[in-house]
Amino acid sequence: MNLTIEENSALRRKLTIEVEPDEIKRELDKTYNELRRGVVLKGFRPGHAPRHLLEKFFGDQVRSEVIQKLVKEYTEKALEEKNLKPIVEPEIVTDETNLPDTLKFTAVFDLKPDIVIKDYEGLKVPEHTVEVTDKDVDEALENLRARQASLKKVEGRDTVEEGDVAVVSLEGFENDKPLSETKGENRLLEISKKTLTHGLDELLIGAKVGADNRKSKTYPADYDQKDLAGKTVEWRAGVKEIYKRELPPLDDDFAKDQGDIQSLAELRERVRKDLIEHAQSEADSRARQGLLEMVLDRNQIEVPESLISREHRAMESELESTLRQGGLNNEDIAERIKGMQEELKTRAHKRASSGLVLDALAEQEKVEINDDELAERIGAIMRQAGTKNRERFSEFYTHEENREGLRNTMRREKVLDQLLTRAKGGAPEPSEAPQPA
């Protein structure tokens, strides 16, 4: 193996690797021999197909496999030989691939920076008083009732009112031509300005059961829904049935249905406690983020470009998934992501730098997650996943790299929790910690 190393920056390295012809020939011979044992060609006994026929029928496949294997093998060998540890998998570019004579490629990667976190002792966060009012408890109870409401068919009224739930078929037309992407059959819709998009509340509030309800609406050229932007759309709706939500009475019987609770007064106290815990959790989350911001401000670090790129790709994937769940089509998703590139780059840089700083801080503080803690977290994830997704999560966490990813996330959370405890005055600083006798 011929190996050269270029230092493109303090962290970036470029390895140029050229594999010796003898090594290429060895791997080709080995691969063809393995192929010969498993392939059957007409006119030849199993395991006796001649090499030239194997090359004719399977040459491209074999060359691809050999290149992939040798690139992986020699990249790992070069990294181990030079004691180099990429922070992200190297980017491989093949320069020459004229097998069996030549295989030359480059591996470009960034090293993990050596980071020592300073000036993080003595950080403080303001005391946050959590207050939950009776009004907050009332609103939470009403939301709980709403989630357990039942639907009762409306009798003796054929006009839709705001707050109804109706079975509706609707479609939009432009110049009497249907817009297929707007069509919906027998949809159960809550009729309110908050829940209906595209101004459909104006069409459906006051609509009649069994009638041909129509209303036109013009959308601006920059309207979010690209299929409707700049168009005058005539919406046509047919209402089949009208329902009203019926809320259960807020009494002791309702309280008993919520679990191990015996009265409405007890339910109110449970709700109040949950609201306080949630508010405290949100306050602590903001405090952790504030502490992290202070540590980042005091420790400006060089962030490897490959790590930023990886975070950027992950954020794009997360955003795409969110937009797709929101009902956007591929074209709108691509346009939205394109328009957010600068914001995504900034966020990716911050997420990458935050991870590096927290990892370095965890190492300095000797923060670890043991196997029992990891197993407990995985168990909690499985319980929350429900029956439908439990098998998928179970399979996911059988892979060591996924378990290590979760362990690293937990380690970062733990070191932030330690910072928060100290910032609240709940534990001595490292330099003030009592020494063993």
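**View 1. The open sheet of four strands.** In this predicted model, four strands form an open sheet in the order S1-S2-S4-S3, and their pairing is antiparallel. Strand S1 (2–7) and strand S3 (91–96) are the edge strands, each pairing on one side only. On average, neighbouring strands of the sheet are turned by 20° against each other, direction ignored. Strands of a sheet pair through backbone hydrogen bonds.

**View 2. The pairing of S1 with S2.** Six bridges join S1 to strand S2 (residues 12–19), in the antiparallel sense. Opposite Ile17 in S2 stands Leu3.

**View 3. Helix H2 across the sheet.** Helix H2 (residues 51–81) lies across S1, S2, S3 and strand S4 (103–110). H2 runs at about 50° to S4.

**View 4. The largest nonpolar core.** This core has 36 residues, of which Ile117, Tyr120, Leu291, Val295 and Leu419 touch the most other members. Two or more residues come from each of helix H6 (264–298), helix H7 (305–325), helix H8 (330–339), H9 and helix H11 (400–423). With nine residues, H9 gives the most to this core. Another core, of 27 residues, lies apart from it and includes Ile17, Leu53, Leu70 and Leu99. In soluble globular proteins, nonpolar side chains tend to be buried together.

**View 5. The surroundings of Val295.** Neighbours within four places in sequence are left aside here. Val295 is then in contact with Ile117, Tyr120, Leu123, Val357 and Leu419.

**View 6. Helix H9 and the residue Lys366.** Helix H9 (residues 341–364) has 24 residues. From its first C-alpha to its last, H9 reaches 35 Å, close to the expected 34 Å. Lys366, which follows H9, has a positive phi, near 55°.

Definitions and conventions:
Residues numbered from 1 in each chain as written. Predicted model: local features only at pLDDT ≥ 70, side-chain atom pairs only at ≥ 80, totals over all residues. Heavy atoms only, no water. Expected span 1.5 Å × (residues − 1). Core = buried A, V, L, I, M, F, W, Y, C linked by side-chain atoms within 4.5 Å. Buried < 20%, exposed > 50% of the residue type's maximum accessible area, 1.4 Å probe, protein only. Contact = heavy atoms within 4.5 Å. Pairing = 2+ DSSP bridges. Axes fitted to C-alpha atoms, helices over the stretch in contact; angles between N-to-C directions.
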